[in-house]
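Here's a quick tour of the complex you have open. We'll start with where the predictor is unsure, then move on to the interface and one loop residue.

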Amino acid sequence: MGIWEITIKDLRLILKDRGALYTLLALPVVFIAILGMSTGQLITTHEAAKLLKIGIVDENQGFLAENVFSNIAAIGGLKAEKVSDRDEARLRLQDGRSSVVVYIGKEFDSKVDDLGMRDIFDSEHGKLSRGLAAIDMQVQSGVEFVGASELVEYVVLSAVLRVVAPEVAKRNPIFRRMIDRAMNEEDDEEVARHEPSPKPVKAGPSIIYQTLVPAFMVMFAFFLINIMASSFINERKLGTLRRLQTSPISSVELLFGKTLPFLFVSILQSLILFASGKIMFGMSWGTNPALLLPVILMTSISATGLGLLLATIVRTESQVASYATFLVIVLAGISGCYMPRAWLPELMQNISLATPHAWALIAYQELLTHEHPQLSVVFQCCSMLAAFGTVSFAVGCVRFQKLEYRQ
Amino acid sequence: MTDPNHNPAKRGEGLEVSHLRKSYGDLVAVDDLSFRVRPGEILGLIGPNGAGKSTCMMVIIGLLKPDAGTIKLNGQPYDASNREMRSHLGIVPQELAIYPELTARQNLRFFGSLYGLRGQRLDKQVDYVLDLTGLTRNADHTPSTFSGGMCRRLNFGIALLHEPRFVILDEPTVGIDPQSRTNLLDCIRQLSAKGVGVLYASHYMEEIEAVCHRVAIIDHGRLLQQGTLDELLDRSQAELSIRIGEIPSDVVAKLQSMATLQQDADGTTRVLVRENLSTQKQVRLTEMQSVMEVLGQADVPILGIETHEISLETLFLRLTGRKLRD
């Protein structure tokens, strides 16, 4: 008795408060759209930044040199670009447009022609034991990637070998026959075995919102604590809280009644954000969208539980403004709402587990980015969120019952 | 107001407060306070700001825990966690405890439903209260469009929805027009006639005199006097005052030893005889004669001699003093 009446009354008050409705329902969508267009690009830029940018100066312009370029370009994790000349290559290294530059010299063809089978197979004594210089090639890295040139040299060498080795082998009649036979017999198998080159990271609008929508949805779910605490302050200011406290309902019923409307609003807010994410921004709901519902519910429970706890701590509007804003911003920052959690340092990732936000984000990440999400992870996250909500609500109840009304 | 036909309550009936004490740290807000509100009786609780009235009411309705003392409702210790006991009380807080965004009817329906009223009974009670408080025509308007008096009436009506046995009013008429005040006082009389006990805290002495059967005057948390209006005012009876012009300082000293001097706003001085609230019922002629002799010897012009009955306000000021309170 009483819970439902208070819930309906508060829902009615929330519906009449257009400012609160705008803040809770419309603002998050606008916020995500704006951030998607601005800082959201960082995510795609960051993905692109993960690729090693290799500039290739092809002074040889021959068929083999072109093949070498194609092979390097097909290596996953690299972004190969042709560079016109050495001066341009130096400039690119300086301004960071290229991480590493590979030079294919004019004598590349002739140096390859000079290679024998021994140079290919004897890595200790063959000509290629001297590295790429043996075939008039050179690798140079920029300041940011000092030390990477040796690694890149090995990678490029392997690409060169894939091109050069068959050419050298063909000059030997025995090897040529063996190669021809092998090519005929295993052609189909070879095609099947051929692994496609890794796809570059998809960089489009959906990947931005796949990250942004859940992150800001979690942040805005906890934004609710501000309005929830204000609702309590308002009741106190009006004197209606005293009426509620003296009516024949228990404190727990009163607090449930005050919490439920915000739980409904929080769930509605999350559903609207997911719907907006899909309709407006083309985000995916993952392979099993139904599993998002328990995460949404538990996130809302933990947010409203925290809201209730805060409501029993603060006494004035200014306290609400400072405490709630601090909590919303700091917890969102710690947990990784402002950027993908993977970008956070490991220590920070561990610290963030003390916040309910982090568990919500982990659950959403599992459901939205994994083709086969692990239910155990989602269950663990939901349990943690439920625990946060329950403990906060219980502490809030105890605090509320101990509060004495003072003149 | 006194009610000669008022029936004394049966033993144990009513809202009984005994030796109540509540302090905030070193500040004792209520100190050994005892009184009783019988069914159908209106008890006026008066005291200056900070006297402890509101704290006393907070303790009674269970929002504050007393340090000592007991509260009994019809002989049973009052337990604020007991829903049934809570539903015997109707509370009219000092502030307007209503939702400005909801209409008068929505406010009443909401608070009525908290007291378990449903369906037709809720409709009936809401209509009854709207009629009683004169808000029927404005039932579907929000309080933001109401005058101060209408808001006060709604605030009052909410406490009556569930037909409580006792109603506690904390300054319910602050800032309202005479019409609304009259309406509220009439409602309180109607409640009393129906057997509802009323504890009425107010600063307005004329209201207390108009509706209360008994009055309790408190200050600094302590009960100063308690009784019917007749009892309280009989104790002081009439007072005699001699209005005089300017007086020499040596005469002032003489007069102060036998009477009380009071400076009026117009510059004249008033010599109050029988200012002391003792229980004697006759004018002390000897004291009067002594004062007259002193005035005659000093050639002090006598501007007039007046007698007047002591009002509740005069009594209140005498008991609580004229010093401003925070």
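## Confidence

Over residues 2-9 of chain B, pLDDT (the predictor's confidence in each residue, from 0 to 100) stays under 50, and the model has 11 contacts for this stretch beyond four places in sequence. Two residues count as in contact if their C-beta atoms, placed from the backbone, lie within 7 Å. Residues 275-281 of chain B also stay under 50, with eight such contacts. For chain B, the mean pLDDT is 84, with 88% of residues at 70 or more. The complex gets an ipTM of 0.77 and a pTM of 0.69 from the predictor.

This is a predicted model, so to speak only of what it supports, local features need pLDDT of at least 70 and side-chain atom pairs count only at pLDDT 80 or more, while totals for chains, interfaces and linings use all residues. Residues are numbered from 1 along each chain as its sequence is written, with chains lettered from A and ligands numbered from 1 in the order in which they are written.

## Where the chains meet

Chain A puts 20 residues into the contact and chain B puts in 25. On the chain A side, α1 (3-16) and α12 (240-246) each supply at least two residues; helices here are DSSP runs of H or I with at least four residues, strands are E runs with at least two, and both are numbered from the N terminus.

## A loop glycine

Gly77(A) sits in the loop between α4 (63-73) and β2 (78-83) of chain A. Leaving out residues up to four places away in sequence, Gly77(A) touches Leu51(A) and Leu52(A).
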